[in-house]
Amino acid sequence: MAAQDVAARVWTAAEPVAAALGLEIVEVEDAAERKRRVIRIYIDKPGGVGLADCERLSRELAERLEEADVITSRHVLEVSSPGLERPLRKAADFHRFRGSRVRVRLRGADGGRSRITGVLRGIEGGLVTVDTDEGAGRTFPLDEVRKANLEVDWGTAIRDGGGVPPAEAGPSEDGGMDR
């Protein structure tokens, strides 16, 4: 089974379990690392996730994945925070993180830049608006986004502890379970 298929099946199985725990699935990866399969699930919640959140989802989801026979090979299940520069995928992400610095890569070449950095103004009617670092506003359809991430201003973060998007403050710890 292709990695994308497994990741999609894991996402489908994980979403209701995460929701019941007050968590959001941000991303699911199926990767081969050092001759072993790693299923990596990134979770989030307002205020950030901690080790207890990762452990709880890992325990509950491991049982569910085995029962549903979602992954048939030996694997390592990792549940983690998406980190400070978390991906933005859904319209709700672009709404939630308005006012934050972002880095966006677009799919199509519309005569403009395909890479945009700046401050996210939000999303309305499927159109994302970013105030670019060049001082211009840029609006584009959500479905043209190939990849988007929050962008931490590391200089500010190191100097005075700032630069972290408000919704992402809090611990960022990993939990994992070998299956």
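**Exercise 1. Work out how β4 and β8 pair in this predicted model, and where they sit in their sheet.**

Start with the pair itself: strand β4 (residues 101-106) runs antiparallel to β8, with five bridges between them. For a concrete spot to click on, take Arg105, which stands opposite Lys147 in β8.

Now zoom out. The two strands belong to an open sheet of five strands, ordered β7-β6-β5-β4-β8 and paired antiparallel. Each of the edge strands, β7 (137-141) and β8 (145-150), has a single partner strand, so one side of each lacks a neighbour in the sheet. As for twist, neighbouring strands here are turned by 40° against each other on average, direction ignored.

**Exercise 2. Describe the largest pocket: its volume, and what lines it.**

Volume comes first: about 280 Å³. Next, the lining, which has 13 residues; closest to the pocket's centre are Glu27, Leu88, Arg89, Arg146 and Lys147. Lys147 is a name you've already met, as the residue opposite Arg105.

Then ask which element gives the largest share of the lining. That's β8, with five residues. Finally, sort the lining by chemistry: seven residues are nonpolar, one is polar and five are charged.

**Exercise 3. Trace the neighbours of β2, and decide whether the strand is mostly covered or open.**

Step one is β1 (residues 24-33), which runs antiparallel to β2 and is joined to it by nine bridges. Within this pairing, Ile25 stands opposite Ile43 in β2. The hairpin of β1 and β2 has two residues between the strands, and Arg34 takes a positive phi near 50° there.

Step two is β3 (residues 76-80), which pairs with β2 over five bridges, this time in the parallel sense. Look up Ile39 and you'll find Leu77 as its bridge partner in β3.

Step three is burial. Count residues under 20% relative accessible area as buried. By that cut-off, seven of the nine residues of β2 (residues 36-44) are buried, so the strand is mostly covered.

**Exercise 4. Check the length of helix α2 against the expected span, then list its buried residues.**

Helix α2 (residues 51-68) has 18 residues, and at 1.5 Å a residue it should span 26 Å. The C-alpha atoms at its ends are 25 Å apart, which agrees with that.

For the list, go along the helix and pick out what's buried: Asp53, Cys54, Leu57, Ser58, Leu61, Ala62 and Leu65.

Key. Residues are numbered from 1 along each chain as its sequence is written. This is a predicted model: local features need pLDDT of at least 70, side-chain atom pairs count only at pLDDT 80 or more; totals for chains, interfaces and linings use all residues. Side-chain values use heavy atoms; hydrogens and water are left out. Buried means under 20% relative accessible area, exposed over 50%, partly exposed in between (1.4 Å probe, protein chains only). Helices (H or I, at least four residues) and strands (E, at least two) are DSSP runs, numbered from the N terminus. Two strands pair if DSSP finds at least two bridges between them. The expected span of a helix is 1.5 Å times one less than its number of residues. Axes are lines fitted to C-alpha atoms, for helices over the stretch in contact, and angles run from 0 to 180 degrees between N-to-C directions. On a 1 Å grid over the protein atoms alone, a cavity is a set of points where a 1.4 Å probe fits but cannot get out, and a pocket is an open set with protein on both sides within 12 Å along at least five of seven lines; lining residues have an atom within 4 Å of a point. Grid points are joined across faces, edges and corners, and a volume is the space filled by probe spheres set on the points. Ala, Val, Leu, Ile, Met, Phe, Trp, Tyr, Cys and Pro count as nonpolar, Asp, Glu, Lys and Arg as charged, and the others, Gly among them, as polar.
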